[in-house]
Amino acid sequence: MSALHEAEETYRRMAYDTFARDLKMGFNLGFCRTFAVPGIARVLVSTGRMTQHTRVRAKATGAMMYGLFEHGLDSEQGAETIAALGKLHAPFAIGDDAFRYVLACFDLAPMRWCAAHAWRAPTDAERTASHTLYLGLADRLGIPEVPATWREFETWTRAYERAHFAATPEGRELWQATRGMLADRVPGVLGPLAGAAADSLLDDPARDAFGAPRPPALVRGATRAALRARAWRGRRAHARAARARAEG
């Protein structure tokens, strides 16, 4: 079995079983981080898709990515999806660094979210599987010079964010357009606080770039408590499933 094929199998388990719900939240947050890069934000606003048809655009992107996870990069469906991704991005004057950063947000942000909020943290092997998958995608999309390991990619990504994050009207517009989708994914117990809870999921650099207020301490604390409770329920559910498999 090739390293890529093994990585795809590992990632498939994460996407559809181990971290099914948390990976989706991580993807959403990762995509939102790209809005903090002025050049990327300008392109996204210029198409009108993310601001005028936000949920349709997000759903289409998710369907494309999960199609790759399900079928593999080199399947017939995977090849069609990769060709579509290339065609979608070809008209825009975005440099290699920006494409590399978008790749980083899909590779690293979901793993970061799972480490902080899932029922357990990803293992190094799972992080490596993610990076191997995205290295394969970068190769097929012609994105050069992606660091060879996820740790090196994390270092590169942090440096890129320090150099390029900036507040822009486009970034604020994109965050306002997508904030509601994140609010829909926070634990339901937060109810009317969901919008402010979505703001609290951002770190300070992203929040500053989007002009988002820092939520009150009460909201931040309630969000952390709700996420801890969700992780605890996830641990119990996985423990029950493991016992059932052992007894069966």
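**Exercise 1. Find the residues that line the largest cavity, then say which helices supply them.**

*Solution.* The largest cavity is lined by D107, L108, M111, R127, S130, W150 and E154. Two or more lining residues come from each of these elements: helix 7, helix 8 (124–141) and helix 9. Helix 7 gives the most, with three residues. The space inside the largest cavity is about 30 Å³. The structure holds one cavity of 30 Å³ or more.

Now the terms. A cavity is a set of points on a 1 Å grid over the protein atoms alone, where a 1.4 Å probe fits but cannot get out; lining residues have an atom within 4 Å of a point. Grid points are joined across faces, edges and corners, and the volume is the space filled by probe spheres set on the points. Helices are DSSP runs (H or I, at least four residues), numbered from the N terminus.

A note on the model: it is predicted, local features need pLDDT of at least 70, side-chain atom pairs count only at pLDDT 80 or more, and totals for chains, interfaces and linings use all residues. Residues are numbered from 1 along each chain as its sequence is written, and side-chain values use heavy atoms, with hydrogens and water left out.

**Exercise 2. Locate the charges that sit over rings.**

*Solution.* Start with the rule. A charge sits over a ring if NZ of Lys or CZ of Arg is within 6 Å of the ring centre and within 35 degrees of the ring normal. R127 meets it: its charged end sits over the ring of W150, 4.7 Å from the centre. R127 and W150 are also among the residues lining the largest cavity. Next, take K24. Its charged end lies over the ring of Y66, 5.8 Å from the centre.

**Exercise 3. Describe the largest nonpolar core and one of its best-connected residues.**

*Solution.* First, define it. A nonpolar core is a set of buried Ala, Val, Leu, Ile, Met, Phe, Trp, Tyr and Cys residues joined through side-chain atoms within 4.5 Å. Buried means under 20% relative accessible area, exposed over 50%, and partly exposed in between (1.4 Å probe, protein chains only).

Next, the size. The largest core has 64 residues, and those with the most contacts inside it are Y11, L23, F69, Y134 and F210. Helix 7 (residues 96–117) gives the most to this core, with 10 residues. There is a general trend behind such cores: in soluble globular proteins, nonpolar side chains tend to be buried together.

Last, look at Y11. Contact means heavy atoms within 4.5 Å. Beyond residues up to four places away in sequence, Y11 touches L23, F27, F69, F106, S130, L133 and Y134.

**Exercise 4. Classify two aromatic pairs.**

*Solution.* Know the cut-offs. Rings of Phe, Tyr and Trp (its six-membered ring) pair if their centres lie within 6.5 Å; planes under 30 degrees apart count as stacked, over 60 as edge-to-face and the rest as tilted. The whole structure holds 15 aromatic pairs.

Step one: F35 and F210. Their ring centres are 6.2 Å apart and their planes are at 55°, so the pair is tilted. F35 is in the loop between helix 2 (20–33) and helix 3 (38–47), F210 is in helix 12 (residues 204–210), and the two are 175 residues apart. F35 is buried at 1% relative accessibility. F210 is buried too, at 2%.

Step two: Y101 and Y160. Their centres are 4.9 Å apart and their planes are at 25°, so this pair is stacked. Y101 is in helix 7, Y160 is in helix 9 (residues 150–164), and 59 residues separate them. Y101 has a relative accessible area of 0%, so it is buried. Y160 has 7%, so it is buried.

Step three: the cluster. Ring pairs link Y11, Y16, F27, F31, F35, Y66, F69, F106, Y134, W175 and F210.

**Exercise 5. Sort R230, W232 and E145 into buried, partly exposed or exposed.**

*Solution.* R230 is in helix 13 (residues 217–247). Its relative accessible area is 6%, so R230 is buried. Leaving aside neighbours within four places in sequence, R230 contacts R21, D22, W113 and R185.

W232 is in helix 13 as well. Its value is 47%, so W232 is partly exposed. W232 and R120 are 112 residues apart in sequence, but 9.3 Å apart in space, C-alpha to C-alpha.

E145 is in the loop between helix 8 and helix 9. Its value is 68%, so E145 is exposed. E145 has a positive phi of about 60°, although it is not a glycine.

Methods: On a 1 Å grid over the protein atoms alone, a cavity is a set of points where a 1.4 Å probe fits but cannot get out, and a pocket is an open set with protein on both sides within 12 Å along at least five of seven lines; lining residues have an atom within 4 Å of a point.
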